[in-house]
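Good morning, colleagues. Please have the sequence and the model open on your screens while I speak.

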Amino acid sequence: MKIRAAVVEKTHGPFVVRDAELDGPAAGEVLVKVAATGVCHTDAITREGALPFPLPGVLGHEGAGTVIAVGDGVTGIHEGQAVVIGWPFCGTCRNCLDGEPRYCLRLGELVAGGGRVDGSSALRTPGGERLSSHFFGQSSFATYAIASAQALVPIPDGLPVELMGPLACGLATGAGAVFNTVRPQPGTSIVVYGAGAVGLAAIMAARNSAATIVIAVDRHDSRLALATELGATHTVNARDCDPVIAVGDICGGPADHALECTGVIGVVRQAIDSVGMRGTCVLIGGAPAAAEFTADHLTTLWGKTIVGTLGGSGRSQRLIGTLMDLYSQGRFPFDRLVEYFPLERIGEALEASARGEVIKPILVMPTD
């Protein structure tokens with residue numbers, strides 16, 4: 001079928017919105033008419049070559065829309081159903097069977113292989129040339145997308161479908177780091193480095209936990225002000241002071257948990273140094289390829305944990321479903337983070353995000 005898609009021809013190349021051809025769903029897949037797709041930092045760094053997705057191809061991995069066709073063997077999902085397209089997973093490896101599909105042993109090929117696991121792509125140019133598809137199992141910078149049925153999360157009636165896509169990755173990553181990785185105990189202190197979409201999602205999640213000190217660290221007063229409105233009990237502007245010292249002053253010592261959401265190596269060290277004995281530093285932000293960080297050996301030896309997390313861990317259905325419920329209850333107001341752009345303005349959306357002018361851009365697809 002003919003679709004419109006934002007195609008990246010080569011590394012560092014622009015997103016060009018043009019016609020493409022999309023196959024129908026294979027066994028276990030569905031065809032989704034995409035309503036809107038969030039723009040994530042991972043899309044930008046993949047275009048720059050940090051994630052080895054073969055080009056030319058179509059990116060986009062925070063899609064939401066309506067199922068219009070199902071492939072053979074699909075159960076539990078029906079045509080006309082509104083869904084968020086979650087991360088793909090094989091469902092049979094040891095991590096999937098342990099309830100951690102975000103760490104599927106085939107994750108690399110599923111998110112960045114450029115097609116299905118059998119090597120086929122669902123996308124091609126109008127002239128028949130291959131375009132890489134199935135980026136994060138969806139390639140949803142397009143009017144339609146093919147996705148695995150088992151990755152879908154139904155959207156409850158009454159919720160705005162065009163808003164829900166970012167729950168697939170960025171917002172789930174920040175919130176899941178709190179709910180699934182940190183799991184705050186009563187009276188916990190949490191410091192969040194970086195008040196972008198991921199960090200603000202973590203702050204909103206912390207507000208829904210037993211944590212009593214939630215510190216936002218950033219370099220922009222406007223984002224720190226928003227962090228306060230969304231649940232931060234304290235803020236630190238890293239331009240004005242050493243944030244590690246400031247966190248210690250607020251907590252009366254090291255924080256219990258630090259969430260590093262920037263991917264900036266210098267900030268990674270600050271986050272690690274902000275927690276002490278039995279404290280946990282969670283690495284969330286995407287650093288450049290081959291980046292390395294250092295940590296003080298002795299203080300780490302004294303019971304400190306440094307752990308990475310992908311996509312918020314756990315199962316998409318449970319985590320994304322919970323976030324939709326919290327949004328419905330007014331307890332996770334992520335709509336305050338978004339700004340909408342038509343697909344044709346994808347370049348503008350990416351630039352606005354890179355400049356920090358927009359926290360979470362969402363691309364709205366043209367209607368037929």
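Strand β12, residues 213–218, pairs with β13 in the parallel sense, over four bridges. Within this pairing, the bridge partner of Ile215 is His234 in β13. I should say at once that what you see is a predicted model.

These two strands belong to an open sheet of six strands. The order across the sheet is β13-β12-β11-β14-β15-β16, and the pairing is parallel. Which strands form the edges? They are β13, residues 234–237, and β16, residues 305–308, and each of them pairs on one side only. From one strand to the next, the twist averages 20°. As a general reminder, the strands of a sheet pair through backbone hydrogen bonds, either parallel or antiparallel.

Let us move along the sheet to β14 and β15. These strands run parallel and are joined by five bridges. Here His257 has Thr280 in β15 as its bridge partner. Is β15 enclosed or open to the surroundings? Seven of its nine residues are buried, so β15 is largely enclosed by the rest of the structure.

I turn now to the helices that lie across this sheet. Helix α5, residues 170–182, lies across β11, β14, β15 and β16. Its direction is at about 135° to that of β14. Helix α8, residues 243–251, lies across β11, β12, β13 and β14. In this case the helix runs at about 165° to β12.

Another pair of helices deserves attention. Helix α6, residues 197–207, packs with helix α7, residues 221–230, at an angle of about 25°, and their axes are 9 Å apart. That angle makes α6 roughly parallel to α7. The crossing of the two helices is right-handed. Which residues meet there? From α6 there are Leu200, Ile203, Met204 and Arg207; from α7 there are Arg223, Leu226, Ala227, Glu229 and Leu230. By class, the residues of this contact divide into six nonpolar, no polar and three charged.

Met204 leads us to Phe334, since Met204 is among the residues that Phe334 touches. Phe334 is placed in the loop between α11 and β17. Is Phe334 buried or exposed? Its relative accessibility is 0%, so Phe334 counts as buried. Not counting residues up to four places away in sequence, Phe334 touches Leu163, Met164, Leu167, Leu171, Met204 and Tyr327. Phe334 and Ala197 are 137 residues apart in sequence, yet 8.7 Å apart in space, C-alpha to C-alpha.

Ala197 appears again in the surroundings of Lys360. Lys360 is found in strand β18, residues 360–364. What is its relative accessible area? The value is 3%, and buried means under 20%, so Lys360 is buried. Leaving aside neighbours within four places in sequence, Lys360 is in contact with Val39, Cys40, Glu62, Pro166, Ala197, Leu337, Val338 and Glu339. The charged residues Glu62 and Glu339 are thus included among these contacts of Lys360.

For contrast, consider Arg345. Arg345 is placed in the loop between β17, residues 338–342, and α12, residues 346–354. Arg345 is partly exposed, with a relative accessible area of 35%. In sequence, Arg345 and Ala36 are 309 residues apart, while in space they are 13 Å apart, C-alpha to C-alpha.

Finally, I come to some features of the backbone. Most residues other than glycine have a negative phi, and most peptide bonds are trans. Where does this model have a cis peptide bond? Such a bond joins Leu55 and Pro56, with omega of about 5°. Pro56 has its place in the loop between α1, residues 41–47, and β4, residues 57–58.

There are also serines to point out. Ser139 is not a glycine, although its phi is positive, at about 50°. Ser139 is placed in the loop between β8, residues 130–131, and β9, residues 144–148. Ser139 is buried, with a relative accessible area of 3%. Ser313 likewise has a positive phi, near 60°. The loop that holds Ser313 lies between β16 and α11, residues 316–328. Ser313 is buried, with a relative accessible area of 5%. With β16 we are back at an edge strand of the sheet with which I began. Thank you for your attention.

Methods. Residues are numbered from 1 along each chain as its sequence is written. This is a predicted model: local features need pLDDT of at least 70, side-chain atom pairs count only at pLDDT 80 or more; totals for chains, interfaces and linings use all residues. Side-chain values use heavy atoms; hydrogens and water are left out. Buried means under 20% relative accessible area, exposed over 50%, partly exposed in between (1.4 Å probe, protein chains only). Contact means heavy atoms within 4.5 Å. Axes are lines fitted to C-alpha atoms, for helices over the stretch in contact, and angles run from 0 to 180 degrees between N-to-C directions. Angles under 35 degrees count as roughly parallel, over 145 as roughly antiparallel, 65 to 115 as roughly perpendicular and the rest as oblique. A crossing is left-handed if the near helix is turned anticlockwise from the far one by less than a right angle, and right-handed if clockwise. Two strands pair if DSSP finds at least two bridges between them.
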